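Subject: Handing over the structure we talked about

Hello,

Here is the structure I promised to pass on to you. Have a look at it first, and then read on for my notes.

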Amino acid sequence: QVQLVESGGGLVQPGGSLRLSCAASGRILNIGAWAWYRQAPGKQRELVAIITSGGSTNYTDSVKGRSTISRDKTKNTGYLQMNSLQPEDTAVYYCNAKIAIRVGGGLYDYWGQGTQVTVSS
């Protein structure tokens, strides 16, 4: 059983920063790409950032230049550092990881439970 547990969300004022964490645990052989998604009320879930197994990163335009995705392979943990937060960043943020649990078994998607980020004065 693999679990992703997120932390780091909360209420922050406009212009503030947050660092989201996503810790993977369980029977993990290998973790490929990490990604962060978000879903605002009444909107579809959107991809915010992704980091590949090789370390390449990509961001949605609205967070480019003020967000950084990273991961610590030794801790099986992914991170999303967000700076200069604005009210439009308010959403539930979900982490996603592609994880292999056995040799030759391929990579499967696992999701965190979601963490609320609210940007408001």
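Below is a short tour of what I found, going from the core outwards to the strands, loops and rings.

Please keep in mind that this is a predicted model.

**The core**

A good place to begin is the largest nonpolar core, which has 27 residues. Which of its members touch the most others? They are Trp36, Leu80 and Tyr93. Seven strands each supply at least two residues of this core: E1 (2–7), E3 (18–26), E4 (30–39), E5 (46–51), E8 (77–82), E9 (91–100) and E11 (115–119). The largest share, 5 residues, comes from E9. As general background, nonpolar side chains in soluble globular proteins tend to be buried together.

Leu80 is a nice residue to click on. Leaving out residues up to four places away in sequence, Leu80 touches a list of partners that includes Trp36 and Tyr93, along with Leu18, Leu20, Val48 and Ile69. Arg19, Ala49, Ser67 and Thr68 are also among the residues that Leu80 touches.

**Strand E8 and its partners**

Is E8 enclosed or open? Of the 6 residues of E8, 5 are buried, so the strand is largely enclosed by the rest of the structure. Two pairings are worth tracing here. E3 and E8 run antiparallel and are joined by 6 bridges, with Ser21 standing opposite Tyr79 in E8. Strand E7 (residues 67–72) also pairs with E8 in the antiparallel sense, over 6 bridges, and in this pairing Ile69 stands opposite Leu80.

Thr77 belongs to E8 too. With a relative accessible area of 8%, Thr77 is buried. The side chain of Thr77 reaches the backbone oxygen of Lys75 at 2.9 Å. Apart from neighbours within four places in sequence, Thr77 is in contact with Ser21, Cys22, Ala23, Trp34, Arg71 and Asp72.

**Two loop residues with positive phi**

The hairpin of E7 and E8 has 4 residues between its strands. What is notable about Asn76 in the loop between E7 and E8? Asn76 has a positive phi of about 50 degrees although it is not a glycine. Asn76 is partly exposed, with a relative accessible area of 26%.

You will find another such residue in the loop between E8 and E9, namely Ser84. Phi of Ser84 is near 50 degrees, again a positive value in a residue other than glycine. Ser84 counts as partly exposed, at 37% relative accessibility.

**Strand E11**

E11 shows two faces, one covered and one uncovered. Thr115, Val117 and Val119 make up the covered face, while Gln116 and Thr118 make up the uncovered one. That fits a general pattern: in a regular strand, the side chains alternate between the two faces of the sheet.

How does E11 pair with other strands? Strand E2 (residues 10–12) and E11 pair in the parallel sense over 3 bridges, and Gly10 stands opposite Val117. E9 and E11, on the other hand, run antiparallel, with 3 bridges joining them. There, Tyr93 stands opposite Thr115 in E11. You met Tyr93 above as one of the core residues that touch the most other members.

**Rings and charges**

The structure holds 1 aromatic pair. The rings belong to Tyr37 and Trp111; their centres are 5.0 Å apart and their planes are at 55 degrees, so the pair is tilted. Tyr37 lies in strand E4 and Trp111 in strand E10 (residues 108–111), so the pair ties together parts that are 74 residues apart in sequence. Tyr37 is partly exposed, with a relative accessible area of 22%, and Trp111 also counts as partly exposed, at 38% relative accessibility.

Trp111 has a further partner: Arg45 lies over the face of Trp111, at 5.0 Å from the ring centre. Elsewhere, the charged end of Arg19 sits over the ring of Tyr79, 4.0 Å from its centre. Tyr79 is the residue you saw opposite Ser21, and Arg19 is one of the residues that Leu80 touches.

Enjoy exploring it!

Best wishes

Terms used
Residues are numbered from 1 along each chain as its sequence is written. This is a predicted model: local features need pLDDT of at least 70, side-chain atom pairs count only at pLDDT 80 or more; totals for chains, interfaces and linings use all residues. Side-chain values use heavy atoms; hydrogens and water are left out. A nonpolar core is a set of buried Ala, Val, Leu, Ile, Met, Phe, Trp, Tyr and Cys residues joined through side-chain atoms within 4.5 Å. Buried means under 20% relative accessible area, exposed over 50%, partly exposed in between (1.4 Å probe, protein chains only). Contact means heavy atoms within 4.5 Å. Two strands pair if DSSP finds at least two bridges between them. A polar contact is a pair of N or O atoms within 3.5 Å; within protein, one must be able to donate a hydrogen and the other to accept it, and residues adjacent in sequence count only if both atoms are side-chain atoms. Rings of Phe, Tyr and Trp (its six-membered ring) pair if their centres lie within 6.5 Å; planes under 30 degrees apart count as stacked, over 60 as edge-to-face and the rest as tilted. A charge sits over a ring if NZ of Lys or CZ of Arg is within 6 Å of the ring centre and within 35 degrees of the ring normal.
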